[in-house]
Structure formats: C-alpha cells, structure tokens
Amino acid sequence: WDPLGLAAKADEATLKRYREAEITHGRVAMLATVGFLVGEKVEGSSFLWDASIKGPAIDHFFQVPHEFWSFLVVVIGAIEIRRAQTAFVPPEE
C-alpha cells in the first residue's frame, strides 16, 4: 500500500529494508508508549532506584541515574550493530 508512490523507484531489496525499518520503528514506538504509561502508573512505588522517581512521567527521564542511560546506550548499540550486520544482507545471499 503506497498511495503517495514513494516506493515506485525502489527495487525489491530496498522495499524489504523499508519494511523491516517500518516494523522496527513501530515496535519501538509501541514500547515507548507502554513505558510512558507504566511510568505514570508506578510512580513512587517502583522497586528501582529506591522508589525515588517522583512526579509526572515526562520528568522521570532526568531523575534516572546517568549510569543507567550509559548502560542502556551500550546495550542497545550492540544489539543494533549486530542486527544491522545480519539483517541487511542482500536477499540473494
């Protein structure tokens, strides 16, 4: 389904990459939405960081220790590098 014709010039391999990227981005967006809603629900009652995260979920980001974000960036980066190395192999291989 391509009402704007954005894929008209793309070959089959490029379309497969586009589809994979769309699915990946959709999954990340859904997880982010769930995380935001859960953050609102468990405010102050979480077992993480001694329940010191307070206030609306939009402010929780800045209250989480910097070490956690560094760890998360490294882990997600490693996963994405591995995925990029294995997933973007030409279809004929």
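In the predicted model, Phe68 is partly exposed, with a relative accessible area of 30%. Its neighbour in sequence, Trp69, is likewise assigned to the partly exposed class, at 24% relative accessibility; this value lies above the limit of 20% under which a residue would count as buried.

A search for aromatic pairs across the whole structure returned three. In one of them, Phe61 and Phe62 place their ring centres 5.2 Å apart, and the planes meet at 85°; the pair is therefore edge-to-face, since angles over 60 degrees fall into that class. Phe68 and Trp69 form another pair, with 5.1 Å between the ring centres and 70° between the planes, so this pair is also edge-to-face. Through ring pairs, Phe61, Phe62, Phe68 and Trp69 are linked into a cluster.

Solvent accessibility was also computed for the two remaining members of this cluster. Phe61 has a relative accessible area of 46% and is therefore partly exposed. For Phe62 the value is 68%, so this residue counts as exposed, the threshold being 50%.

A separate feature of the surface is a nonpolar patch. The patch consists of Val34, Val38 and Val42, which together contribute about 210 Å² of accessible area. Val38 is located in helix α1, which spans residues 12-41. With a relative accessibility of 41%, Val38 is classed as partly exposed; this value satisfies the requirement of over 30% relative accessible area for patch residues.

Notes
Residues are numbered from 1 along each chain as its sequence is written. This is a predicted model: local features need pLDDT of at least 70, side-chain atom pairs count only at pLDDT 80 or more; totals for chains, interfaces and linings use all residues. Side-chain values use heavy atoms; hydrogens and water are left out. Rings of Phe, Tyr and Trp (its six-membered ring) pair if their centres lie within 6.5 Å; planes under 30 degrees apart count as stacked, over 60 as edge-to-face and the rest as tilted. Buried means under 20% relative accessible area, exposed over 50%, partly exposed in between (1.4 Å probe, protein chains only). Patches are made of residues with over 30% relative accessible area and no salt bridge: like charges are joined within 9 Å, nonpolar side chains (Val, Leu, Ile, Met, Phe, Trp, Tyr) within 5 Å. Accessible areas come from the Shrake-Rupley method with a 1.4 Å probe; for residues, only the protein chains shown count as cover. A salt bridge is a side-chain nitrogen of Lys or Arg within 4 Å of a carboxyl oxygen of Asp or Glu. Helices (H or I, at least four residues) and strands (E, at least two) are DSSP runs, numbered from the N terminus.
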